[in-house]
Amino acid sequence: METMFDTLLQLPLFQGLAHEDFTCILEKVKLHFTKHKAGEVLLKKNTPCHELIFVLKGEVTATTSAADDSYTLTEYLPAPLLIEPQPLFGMKTSYASTYLANTEVYTVSIGKTFALKELFSYDISRLNYMNIISNRAQMLHSRLWSVSPDSLEARISCFLLSHAERPSGRKELKIKMEDLAQILNETRISVSKALNEMQEKGLVELHRGGRLWCRKRKSYKHSFYLSFYLERNMKFFLNKRKDK
């Protein structure tokens, strides 16, 4: 049976640590364990980041809004998870998203002072943290300089992926059809037509007020579970799935 100790060792920041070193860390570093009920807010956007927060058990949702609040993306993130380690340092030291407990969630947090004095005194922890930050920066750079696809269908998929923190898992994008068309530099009719063409090709199943299922094809790198409403707001649910 997996213990809390084993779960902590699965977290990216602690991977590679010897059991003896990790036990020594636990003796020195003050860990704050918290239980959250489903629906409870863990963190709000713009909250100052003074600690590292790990999700040990359960699932959380991370909701991020556009600068003008014209659309929001919600991602469903299962444990184990390290919540936004990047604002611990840098110019903007506040969280970019709002986090809610989607199920009963258990978290543990380590204060910045203890992380600097004790946790980062171990080379492996320091390297793990730098790797987490570096990998994220490299991923964002790759997205910025990737070649924009020609087809509108692929551009719709790329728009969704470019805003996701993780390429896998369920996502929910709330956006007006006209706003999506403006972002893609297309007409509302063209966007609607592209979605319907994706359905005709068997890439998606589209239902008014229902679901859009995107099937995997050789020309598509990912497959998703999409669902949206065609009224005032358009709502996408994404869930990367494996081919059977």
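A residue counts as partly exposed when its relative accessible area falls between the buried range, under 20%, and the exposed range, over 50%. Keep that handy while you click through this predicted model.

Start by selecting Phe89. At a relative accessible area of 31%, Phe89 sits between those two cut-offs, so call it partly exposed. Now add Tyr129, which is buried because its relative accessibility is just 9%. Show both rings: their centres are 5.9 Å apart and the planes meet at 80 degrees, so this is an edge-to-face pair. Colour by chain position and you'll see the pair links distant parts of the chain, 40 residues apart. Phe89 belongs to the loop between β6 (81-83) and β7 (98-101), while Tyr129 belongs to helix α4 (residues 123-144).

The whole structure has five aromatic pairs. For another aromatic stop, select Phe14, Phe22 and Phe54, which form one cluster.

Next, pick Gly16, in the loop between α1 (4-10) and α2 (19-28). Its relative accessible area is 70%, so Gly16 is exposed. Add Asn128 and check the C-alpha distance: 8.7 Å, although the two are 112 residues apart along the chain.

Last stop: helices α5 (residues 152-162) and α7 (residues 188-200). Their axes lie 9 Å apart and the packing angle is about 95 degrees, so α5 and α7 are roughly perpendicular. Show side chains for Leu152, Glu153 and Ile156 on the α5 side; they meet Ser190, Val191, Ala194, Leu195, Glu197 and Met198 of α7. Colour this α5–α7 contact by residue type and you get six nonpolar residues, one polar and two charged.

Key. Residues numbered from 1 in each chain as written. Heavy atoms only, no water. Axes fitted to C-alpha atoms, helices over the stretch in contact; angles between N-to-C directions. Helix = DSSP H or I, 4+ residues; strand = E, 2+ residues; numbered from the N terminus. Parallel < 35°, antiparallel > 145°, perpendicular 65-115°, else oblique. Contact = heavy atoms within 4.5 Å. Nonpolar A, V, L, I, M, F, W, Y, C, P; charged D, E, K, R; others polar. Buried < 20%, exposed > 50% of the residue type's maximum accessible area, 1.4 Å probe, protein only. Phe/Tyr/Trp six-rings, centres within 6.5 Å; stacked < 30°, edge-to-face > 60°.
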